[in-house]
Amino acid sequence: MRVGIPRGLFFYHFYPQWKTFFNRLDWEVTTSPPTNKKMAGGGILTAVSEACFPVKVLYGHVLELAGRGVDYIFMPRLVSIEQRSYICPKFMGIPDMLRAQIPGIPPLIDLCIDVSRNEGNLYRELDRWAKKMGLRPGRVRKAWNDSTRATCELEAICRRGYTLGEGIAIWEGKTAVEPGPGDLTVGVLGHCYALNDPLISLGLFERLREMGAAVVTSEMLDPQKIEAAAARLPKRVFWTVGRKMVGTALMLDEDPEVDGLIYLTCFGCGPDSMIARIIEHRVNKPFMLLTVDEHSGEAGVVTRLEAFCDMLRRKRRLELAHNLSPYGEFLYSH
Ligand code: SF4
């Protein structure tokens, strides 16, 4: 059997796990290539206009895989990947949306992943799928349990200072350039599928590095410390990604090595409309909210990044010079 995994949404967190799972069942795995304009254009034309940009891009990847004649497309119905927490509700409906809008789409493997209460639901779902495919439930459960190690491996790679996209490349045995230090350090926040997709983010990581800034993402930090920082909010954030972003922002805000924070959000993102606002109000370091959609242009993003980095460098120079005026304002002319 050949199963296609679209390079979109939680591909960037779980590709190693999902690939390992299917390989353990002796299935061949193929992925769509990195997003290009043609694929994104196909997704934009096919998806409902209300969908956010990353969902439209996902459609492009599914169309690409459908054209390659794969036997199945893996498109899990992600509800919850940890207890007492949820993923954006748009993820739940994606298998149904794809079936409704892409005629002739290959059969979808839409395992429902919901561990909000416990892992029981997930194992029942795996058993149901195993029976449907004529596989032994015990073999499928074992393949799933074995595959979770791959996520730990990916996390360990990222902890060494790599982004998720780079981490996946390293996990697959490719070489990645070791990220060097910069004269600035910028914390970069956002959903993995926006940050690591070169077309959605317009190459945010590379551009910052070209401008001399080292980047820090949540995957490079200790998850327990992120969780502890997020717990400082008076109310627990029940979105998995949102809580991680809040905790990361609060952690980086206290790190003297970090000069500023950038939050990349996609226009029309429901959870980010609240999370980005919470972070903006809580952090003291320079903060830039960068909103992208299918109409965003590279020139606009580059101009904003250059201005942000220039501002951080100027702020650092002034701080080093203790250049405060007696009136309590920075003397920008110095
Ligand atoms: S969290 Fe935001 S960007 Fe992600 S799928 Fe939901 S609406 Fe889209």
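**Sheet, helices and aromatic rings in a predicted model**

Modeller: In this predicted model, helix α1 (residues 11–24) lies across β1, β2, β3 and β5 and runs at about 155° to β2. Helix α3 (residues 53–66) also packs on the sheet, where it touches β1, β2 and β3, and its direction makes about 155° with that of β3.

Colleague: What is the order of the strands in the open sheet?

Modeller: The order of the four strands is β2-β1-β3-β5, and the pairing is parallel. Strands β2 (28–31) and β5 (108–109) each have a single partner strand, so they stand at the edges, with one side of each left without a neighbour in the sheet.

Colleague: How do you know that β1 and β3 pair?

Modeller: Two strands pair if at least two bridges are found between them. Two bridges join β1 (residues 2–5) to β3 (residues 72–74), so the criterion is met, and the strands run parallel. Within this pairing, Gly 4 has Ile 73 of β3 as its bridge partner.

Colleague: The structure holds 17 aromatic pairs. Why is the pair of Trp 18 and Phe 74 called edge-to-face?

Modeller: Ring centres must lie within 6.5 Å for a pair, and planes over 60 degrees apart count as edge-to-face. The centres of Trp 18 and Phe 74 are 5.1 Å apart and their planes stand at 80°, so both conditions are satisfied. Because Trp 18 lies in helix α1 and Phe 74 in strand β3, the pair ties together parts that are 56 residues apart in sequence.

Colleague: What makes Trp 18 count as buried?

Modeller: Buried means under 20% relative accessible area. Trp 18 has 5% relative accessibility and therefore counts as buried. Phe 74, at 1%, counts as buried by the cut-off of under 20%.

Colleague: Why is the pair of Phe 22 and Phe 74 edge-to-face?

Modeller: The ring centres of Phe 22 and Phe 74 are 5.1 Å apart and the planes are at 75°, so the pair is edge-to-face. This pair links helix α1, which holds Phe 22, to strand β3, which holds Phe 74, across 52 residues. Phe 22 and Phe 74 are both buried.

Colleague: Which residues form one aromatic cluster?

Modeller: Among them are Phe 14, Trp 18, Phe 22, Phe 74, Trp 129 and Tyr 193.

Colleague: How do you know that both faces of strand β8 are covered?

Modeller: In β8 (residues 213–216), Ala 213 and Val 215 on one side are buried, as are Ala 214 and Val 216 on the other. Four bridges join β8 to strand β7 (residues 184–190) in parallel, and Thr 185 stands opposite Ala 214.

Definitions and conventions:
Residues are numbered from 1 along each chain as its sequence is written. This is a predicted model: local features need pLDDT of at least 70, side-chain atom pairs count only at pLDDT 80 or more; totals for chains, interfaces and linings use all residues. Side-chain values use heavy atoms; hydrogens and water are left out. Contact means heavy atoms within 4.5 Å. Axes are lines fitted to C-alpha atoms, for helices over the stretch in contact, and angles run from 0 to 180 degrees between N-to-C directions. Rings of Phe, Tyr and Trp (its six-membered ring) pair if their centres lie within 6.5 Å; planes under 30 degrees apart count as stacked, over 60 as edge-to-face and the rest as tilted. Buried means under 20% relative accessible area, exposed over 50%, partly exposed in between (1.4 Å probe, protein chains only).
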